[in-house]
Amino acid sequence: MSGITAIEVTKRFNGFTALDDVSVTIPEGSLTALLGPSGSGKSTLLRVIAGLEQPEAGQVLIGSEDVTDRPARARGVGMVFQHYAAFKHMTVRDNIAFGLTIRKRPKAEIDKRVHELLELVQLEGLAKRYPSQLSGGQRQRMALARALAVEPSVLLLDEPFGALDARVRKELRSWLRRLHDEVHVTTIIVTHDQEEAMEVAGQVVVLNEGRIEQIGSPRELYDAPSNEFVMGFVGPVNRLGETFVRPHDVDVRLQPEEGAFEAMVERVVHLGFEVRVELVRDDGQHLLAQLTQEEAEQLELERGQIVYVRPSRETVFSRSGGSPRSA
Amino acid sequence: MSRYLLRFGVLGYLALLLLLPVGLIFYRAFEHGIGHAWDAVTTPQALHALELTLLVAAIAVPANTVFGIILALALVRTRFRGRGLVNAIVDLPLALSPVVVGLALFLLYGRGGWLGGLADDGIRILFAVPGMVLATMFITLPFVVREVVPVLREIGTEQEQAAETLGAPPLQVFRRITLPSIRWAVAYGVVLTTARAIGEFGAVAVVSGRIVGKTETLPLYIQGQYESFDTSGAYASSVVLALIAIGTVVALRAVHPREEESES
């Protein structure tokens, strides 16, 4: 097991800069998410670490070893791809055994290891099936077992749940979290889904346009985003001039109050415990308020109603970074 | 109703265009009994033609299979200058008349041609097996490439990359991942290549010089027999040629009977 370090990595594709002088340290044994919109460079960074892309500049260290010039096969990484990359002509057993077969391990050892892994990823009894006979979630767990079979020093997951439906995705997320607690291998997961990143990872690296915007725990990113981009990416946000307010920090009152402004209720959306209120100010600015069901019931909000709105906590970004303040 | 029309239309078209003529060949070949037909195809000249046909195919088919796979890999998996041109050139044998192919080889290897000097060094290309193999390879070049390219595109590179991260060196990736994924495309390409190699007439006719009993392949022999009014001999040998072709297709079906089903 080892940590991962990328130092000043730059990668270009036909003049498009996918990674621009990126440096990041992934602590040993951690589960880190690379989070960003598509085209932000998160997958490219993962593939550079895996050795599937060669950077124009910079270094990649796994543990204390410089692996920049090593081919992917000699880096000791386990990789899981978004579309499973299952070996279609092999059974589940042969898929998982692949890395060990390449290493010419004795059959008895391979069988034992495959058996353990099938148990770990809860696919017991499916060893003789072909990938086409498995569900998406099962295929991805098989791919994970295959990556873990060679006891990689790092595990790299490229949008591993991206091709799965929402329910399976949620299940696999918490399963991956538990698996990591069991296996403890240094893991990077690439995702564009902020909820996924925050739920699964201990550390989140936010990327945008080939650069790192912020590195921190999910809580740090949410409570102290270093800039507008991060604030907007890790959760919904209202922009009021130069200040940013999260919808749950918008207080809605029926009576005028000091510091509050007038707004009209445009729409009330009931999502169970959460009630989302879409408001519009008289200057035409839209904003979103997030209330609990209880709060909403007390207010008895209706479309067209005039209410008074006051941010309870707002954030202003100076050039040098964010400075959240409470009002 | 329209479904029946479609079905009968297709069947009728096939029957009239393909089954009837080929069936007639079989009928005429066995008109005077199986013994007569057997005698006609086992004359020394006919046997030699059959042997030569199989020899040419036995060299040209494996060569174009290996080269076809390499070419397909180069076209799909790499970017190089002139890739579009190479892609177009691969289709050239399909577009060019075989007679033209034969003449082109004749110009290259013939007396006064760029490589015509080879004959003086004792390396006979024209009017010999090497020329016939070259002509057949030229004609049958596209089949494996054209079958393999779309399959390579479809399977993508993720499986190969996964194998790579699992420690497989390039040759192992090819042998264990790429080749099994394209095996049916290769097999189908081989069948088409074989069928075409065995049946090739025009190009081989030009470069072989059609020396009776020496450089005559089965198609050349058949035409020769027909022209010398030995029609039953021509029909009998045609049946041999047809049986080889049918055998190739059946062999493929036997090992891969569920061609219509996808392998996803």
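Two strands are said to pair if DSSP finds at least two bridges between them. The exercises below apply this to a predicted model.

**Exercise 1.** Determine how many bridges join β13(A) to strand β17 of chain A, and which residues lie on the covered face of strand β13.

*Solution.* Step one is to count the bridges: 4 of them join β13(A) to strand β17 (residues 306–311) of chain A, and the two strands run antiparallel. Step two is to pick out a bridge partner, and for Val252(A) the partner in β17(A) is Val309(A). Step three is to sort the side chains by face, recalling that in a regular strand the side chains alternate between the two faces of the sheet. In strand β13 (residues 250–253) of chain A, Val250(A) and Val252(A) make up the covered face, whereas Asp251(A) and Arg253(A) make up the uncovered one.

**Exercise 2.** Work out the strand order of the open sheet of 4 strands in chain A, and state which strands stand at the edges.

*Solution.* The order is β2-β1-β4-β5 in chain A, with antiparallel pairing. The edges are taken by β2 (16–26) and β5 (65–66) of chain A, each of which has a single partner strand, so one side of each is left without a neighbour in the sheet. Next, follow the pairings through β4(A): strand β1 (residues 4–13) of chain A is joined to strand β4 (residues 57–62) by 5 bridges, with Ala6(A) standing opposite Val60(A) and Ile4(A) having Ile62(A) as its bridge partner. On the way to β5(A), the pairing with β4(A) is antiparallel and extends over 2 bridges, and here Ile62(A) has Glu65(A) as its bridge partner. The connection between β4(A) and β5(A) is a hairpin with 2 residues between the strands, and Gly63(A) in the turn has a positive phi of about 65°. Finally, add the helix: α1 (residues 42–50) of chain A lies across β1, β2 and β4 of that chain, running at about 115° to β1(A).

**Exercise 3.** Describe the packing of helix α1 of chain B against helix α13 of chain B, and classify the angle.

*Solution.* Two packed helices are described by the angle between their axes and the distance between the axes. For α1 (residues 2–29) and α13 (residues 231–255) of chain B, the angle is about 130° and the axes are 8 Å apart. That makes α1(B) oblique to α13(B), and the crossing is left-handed. The residues in contact include Val22(B) and Phe26(B) of α1(B), with Tyr235(B) and Val239(B) among those of α13(B). Sorted by class, the contact consists of 8 nonpolar, 1 polar and 1 charged residues.

**Exercise 4.** Decide whether Ile89(B) is buried or exposed, and then characterise the side of chain A that touches chain B.

*Solution.* Begin with Ile89(B), which is found in helix α4 (residues 83–90) of chain B. Ile89(B) has 12 other C-beta atoms within 10 Å and is therefore exposed, since a residue counts as exposed at 12 or fewer. Ile89(B) and Pro142(B) are 53 residues apart in sequence, and their C-alpha atoms are 9.2 Å apart in space. Turning to the interface, 20 residues of chain A are in contact with 17 residues of chain B. On the side of chain A, the elements that give two or more residues are β6 (77–80) and α2 (92–102), and the residues of that side divide into 11 nonpolar, 5 polar and 4 charged.

Definitions and conventions: Residues numbered from 1 in each chain as written. Chains lettered and ligands numbered in written order. Predicted model: local features only at pLDDT ≥ 70, side-chain atom pairs only at ≥ 80, totals over all residues. Buried ≥ 20, exposed ≤ 12 C-beta atoms within 10 Å, placed from the backbone. Contact = placed C-beta atoms within 7 Å. Nonpolar A, V, L, I, M, F, W, Y, C, P; charged D, E, K, R; others polar. Axes fitted to C-alpha atoms, helices over the stretch in contact; angles between N-to-C directions. Parallel < 35°, antiparallel > 145°, perpendicular 65-115°, else oblique. Left-handed = near helix turned anticlockwise from the far one by under 90°.
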